[in-house]
2 protein chains.
Amino acid sequence: MARDADRTRKRLLEAAAAEFAAYGIAGARVDRIAEAAGCNKAMIYAYFGNKDKLFDAVFSAQVADVLKHVPFDATDLPSYAGRLLDRYEDDPATLRLATWYRLERPQGAPLQAVVASNQVKLEKLERAQRDGILPGRYSPVELLTLVLSISQAWASMTPELGLNAPADRERRRHTVVDAVQRLLKDD
Amino acid sequence: MARDADRTRKRLLEAAAAEFAAYGIAGARVDRIAEAAGCNKAMIYAYFGNKDKLFDAVFSAQVADVLKHVPFDATDLPSYAGRLLDRYEDDPATLRLATWYRLERPQGAPLQAVVASNQVKLEKLERAQRDGILPGRYSPVELLTLVLSISQAWASMTPELGLNAPADRERRRHTVVDAVQRLLKDD
DNA sequence: TAGTGTCAAATAACCGGTTGGTTGCATGCT
DNA sequence: AGCATGCAACCAACCGGTTATTTGACACTA
């Protein structure tokens with residue numbers, strides 16, 4: 001096998017993403033990550049410094065990936081919510097990583113990728129309101145908060161309630177999209 | 001200092017609630033809990049068995065406490081959402097514990113306290129729908145999921161977005177209550 | 001051979017859980 | 001009452017295993 005630092009880095013990131021999604025920062029095991037990546041533990045420290053920094057690298061990459069595959073469209077929030085739901089259901093790691101980030105890293109400096117992505121969304125929402133595409137009853141940040149939390153609704157409920165959730169995804173999707181539509185409807 | 005098993009048990013539960021809320025199950029340190037409770041580590045194992053069971057005890061108590069202080073009212077969901085938001089903002093540990101539970105304990109047997117509390121809510125929702133108090137466009141579990149996720153909206157935002165959140169709580173509360181109202185409004 | 005990547009092994013700290021014994025209190029006997 | 005006895009509550013010290021992180025030797029390549 002040829003030597004390829006970039007390839008090793010990438011394998012490490014992928015393995016770490018799976019590990020962190022499953023166990024969180026405190027629960028993640030460095031040995032497992034190295035083994036899953038098919039390389040040695042020391043590589044983590046050579047490439048990323050330590051476990052926390054590795055998590056930041058994983059999460060920043062995830063933010064960029066979501067932004068790329070689920071572009072934000074302020075002019076059609078119901079559809080955006082539906083596409084977010086698709087992403088969450090196709091790749092549950094996305095939401096788990098974000099949740100762990102919120103729970104376990106509230107002290108660290110805000111990640112630039114996240115701040116920037118929020119700023120862009122808020123500006124687009126403000127413009128859409130000025131253009132009359134969106135109602136003005138909620139401020140941009142209120143709108144964004146509601147839409148995001150509704151699109152996570154199914155994923156953020158207690159497992160016990162999940163047992164009662166509709167089996168077919170199309171129905172869950174409809175619920176979310178319909179709810180966002182109602183929030184935006186004129187009186 | 002008189003010996004008092006009940007009192008010790010209670011102090012242990014309180015200390016554990018704070019510790020688990022802050023660090024989760026994997027991150028929680030048994031030694032810290034014992035020290036904060038002003039008693040010995042061995043008491044934890046005598047009273048609760050192990051760390052996981054201690055968490056279950058803490059979480060079950062929390063579920064009962066929320067159920068008691070924020071009674072569910074299927075006939076006035078907007079108000080219920082508002083009261084839930086109050087609870088989450090007054091006692092952030094509530095939601096953090098629930099989130100840790102969801103992330104770290106998806107394998108264990110469902111907690112009876114949670115199952116029962118869900119069952120009651122779903123039945124009340126179904127009755128309210130039959131009585132025409134609630135619209136029938138969403139099923140009970142869909143309705144509950146939407147209401148719960150909206151009431152958690154502000155708390156489940158990424159910290160970076162939280163910086164843009166409205167400073168005054170009354171405004172956040174209004175956003176949540178208003179959103180639930182719109183979901184239930186007749187066409 | 002100089003430089004970079006790789007890994008097994010070592011290390012030091014840490015953590016969940018156990019053990020054996022001590023302390024205070026209530027009960028019942030003299 | 002005074003005292004012995006049994007028991008529940010409590011704790012310091014310890015144990016085996018695990019974890020994040022470092023190191024030093026080795027291998028490949030240019």
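**Figure 1. Two domains of chain A, with centres 29 Å apart.** In this predicted model, the C-alpha centres of domain 1 of chain A and domain 2 of chain A are separated by 29 Å. The domain assignment places domain 1 at residues 1-54 and domain 2 at residues 70-184 of chain A. Seven residues of domain 1 of chain A and five residues of domain 2 of chain A make the contact. On the domain 1 side that touches domain 2, six residues are nonpolar and one is polar. No charged residue is found on that side of domain 1 of chain A.

**Figure 2. Helices α7 and α8 of chain B pack at about 115 degrees.** Helix α7 of chain B covers residues 112-130, and helix α8 of chain B covers residues 140-151. Their axes lie 9 Å apart. Angles of 65 to 115 degrees count as roughly perpendicular, and α7(B) and α8(B) are therefore roughly perpendicular to each other. The crossing of α7(B) past α8(B) is right-handed. From α7(B), the contact uses Lys121(B), Leu122(B), Leu125(B) and Glu126(B). From α8(B), Pro140(B), Val141(B), Leu143(B) and Leu144(B) take part. Six residues in this contact are nonpolar and two are charged, with no polar residue.

**Figure 3. The protein surface near DNA strand C draws on chains A and B.** Around this strand sit 20 residues. The closest from chain A are Cys39(A) and Asn40(A). Those from chain B are Val30(B), Ala42(B) and Asn50(B). Two or more residues each come from α1 (5-27) and α3 of chain A, and from α2 (30-36) and α3 of chain B. Helix α3(A) gives the most to this surface, with four residues. By class, the surface near DNA strand C holds 10 nonpolar, three polar and seven charged residues.

**Figure 4. The protein surface near DNA strand D also draws on chains A and B.** Here, too, 20 residues lie around the strand. Ala42(A) is among those that come nearest to DNA strand D. Arg3(B), Ala5(B), Thr8(B) and Cys39(B) are the others. From chain A, α2 (30-36) and α3 (41-48) each supply at least two residues of this surface. From chain B, α1 (5-27) and α3 (41-48) each do so as well. The surface near DNA strand D divides into nine nonpolar, three polar and eight charged residues.

Notes. Residues numbered from 1 in each chain as written. Chains lettered and ligands numbered in written order. Predicted model: local features only at pLDDT ≥ 70, side-chain atom pairs only at ≥ 80, totals over all residues. Domains from an automatic or database assignment. Contact = placed C-beta atoms within 7 Å. Nonpolar A, V, L, I, M, F, W, Y, C, P; charged D, E, K, R; others polar. Axes fitted to C-alpha atoms, helices over the stretch in contact; angles between N-to-C directions. Parallel < 35°, antiparallel > 145°, perpendicular 65-115°, else oblique. Left-handed = near helix turned anticlockwise from the far one by under 90°. Near = placed C-beta within 6 Å.
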